[in-house]
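Here is a friendly briefing to read alongside the structure. Please have the viewer open as you go through it.

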There are 2 protein chains.
Amino acid sequence: MQLLLTYDVSTIDPEGRRRLRQMAKLCEGYGHRVQKSVFEITCTDAELLTLLDGANRIIDPGEDSVRIYRLPANGFTALYRIGNAKPVPHHDPLIM
Amino acid sequence: MQLLLTYDVSTIDPEGRRRLRQMAKLCEGYGHRVQKSVFEITCTDAELLTLLDGANRIIDPGEDSVRIYRLPANGFTALYRIGNAKPVPHHDPLIM
């Protein structure tokens with residue numbers, strides 16, 4: 001399935017900045033970073049479960065938020081890009 | 001149509017911070033802010049064109065990026081939310 005993951009992590013303290021780095025690292029294992037806190041992810045149902053589990057372990061539920069949207073099959077190509085929004089190659093398997 | 005708009009605007013200088021405020025204001029006229037730089041938008045083709053035009057006028061193409069994804073019909077409800085990611089009511093018409 002094709003997903004778009006976006007997150008907001010509070011960075012007002014060192015703990016938040018650590019969570020931000022951890023979220024980025026987690027997501028980079030599943031997909032392509034297209035903006036600071038936005039990732040395009042292609043994964044299976046099982047991989048989605050481990051991603052959800054990983055995000056739940058990292059974030060502070062009172063401070064941070066993660067949203068994971070299901071995209072249509074052409075979701076990564078049928079989008080509008082403005083400015084230096086680059087297209088992302090999705091053919092290479094990413095799951096480590 | 002249902003869209004998800006995400007943007008990254010460089011805020012290293014006052015000009016960038018002004019663009020950030022302008023992008024937020026533009027997008028608030030079209031949809032619901034669900035994270036700092038993420039908006040859920042329901043609009044027509046014509047409204048999408050004016051939104052694209054507005055964004056093009058605001059951003060610095062060398063510094064900033066805007067991505068607008070098409071979501072499936074249930075895109076705003078069939079998502080995974082973690083932490084303080086709140087559901088957003090989409091029944092009220094927003095276009096001013």
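The notes below go from the fold of one chain to the contact between two chains, and then to two single residues.

This is a predicted model, so please read every value below as computed from it. Chain A combines 2 helices with 5 strands, and chain B meets it through 38 residues that contact 38 residues of chain A.

**Fold of chain A**

- Starting at the N terminus, the order of elements in chain A is β-α-β-β-α-β-β.
- Chain A is as compact as a globular protein of its length, because its radius of gyration of 13 Å is close to the 12 Å that the globule rule gives for 96 residues.
- Along the principal axes, the C-alpha atoms of chain A occupy a box of roughly 35 × 35 × 20 Å.
- Of the contacts in chain A between residues at least 6 apart in sequence, 71% link residues at least 24 apart.

**Burial, surface and charge in chain A**

- Of the 96 residues in chain A, 47% are buried.
- The exposed area of chain A comes to about 4,900 Å², and 56% of that area is supplied by carbon and sulfur atoms.
- Chain A carries 12 positive and 12 negative charges, and the mean positions of these two sets lie 5 Å apart.

**Where chains A and B meet**

- The size of an interface is often expressed as the accessible area lost when the parts come together.
- Between chain B and chain A, about 3,300 Å² is buried, with carbon and sulfur atoms giving 55% of it.
- On the chain B side, B:Arg67, B:Tyr80 and B:Ile82 supply 26% of the area that this chain buries against chain A, more than any other three residues.

**A closer look at B:Arg81**

- B:Arg81 belongs to strand β5 of chain B, which covers residues 79-83.
- With a relative accessible area of 40%, B:Arg81 counts as partly exposed because this value falls between the 20% limit for buried and the 50% limit for exposed.
- Leaving aside residues up to four places away in sequence, B:Arg81 touches A:Val66 and A:Arg67 in chain A, as well as B:Lys86 and B:Pro87 in chain B.

**A closer look at A:Glu28**

- A:Glu28 sits in helix α1 of chain A, which covers residues 14-28.
- The relative accessible area of A:Glu28 is 35%, so this residue is partly exposed.
- A:Glu28 and A:Lys86 are 58 residues apart along the chain, and their C-alpha atoms are separated by 17 Å.

Conventions: Residues numbered from 1 in each chain as written. Chains lettered and ligands numbered in written order. Predicted model: local features only at pLDDT ≥ 70, side-chain atom pairs only at ≥ 80, totals over all residues. Heavy atoms only, no water. Helix = DSSP H or I, 4+ residues; strand = E, 2+ residues; numbered from the N terminus. Rg over C-alpha atoms; globule rule 2.2 N^0.38 Å. Buried < 20%, exposed > 50% of the residue type's maximum accessible area, 1.4 Å probe, protein only. Contact = heavy atoms within 4.5 Å. Areas by Shrake-Rupley, 256 points an atom, 1.4 Å probe, with all protein chains shown as cover. Lys, Arg positive; Asp, Glu negative; His and termini not counted. Charge placed at Lys NZ, Arg CZ, Asp CG, Glu CD. Buried area = accessible area lost by both parts, 1.4 Å probe.
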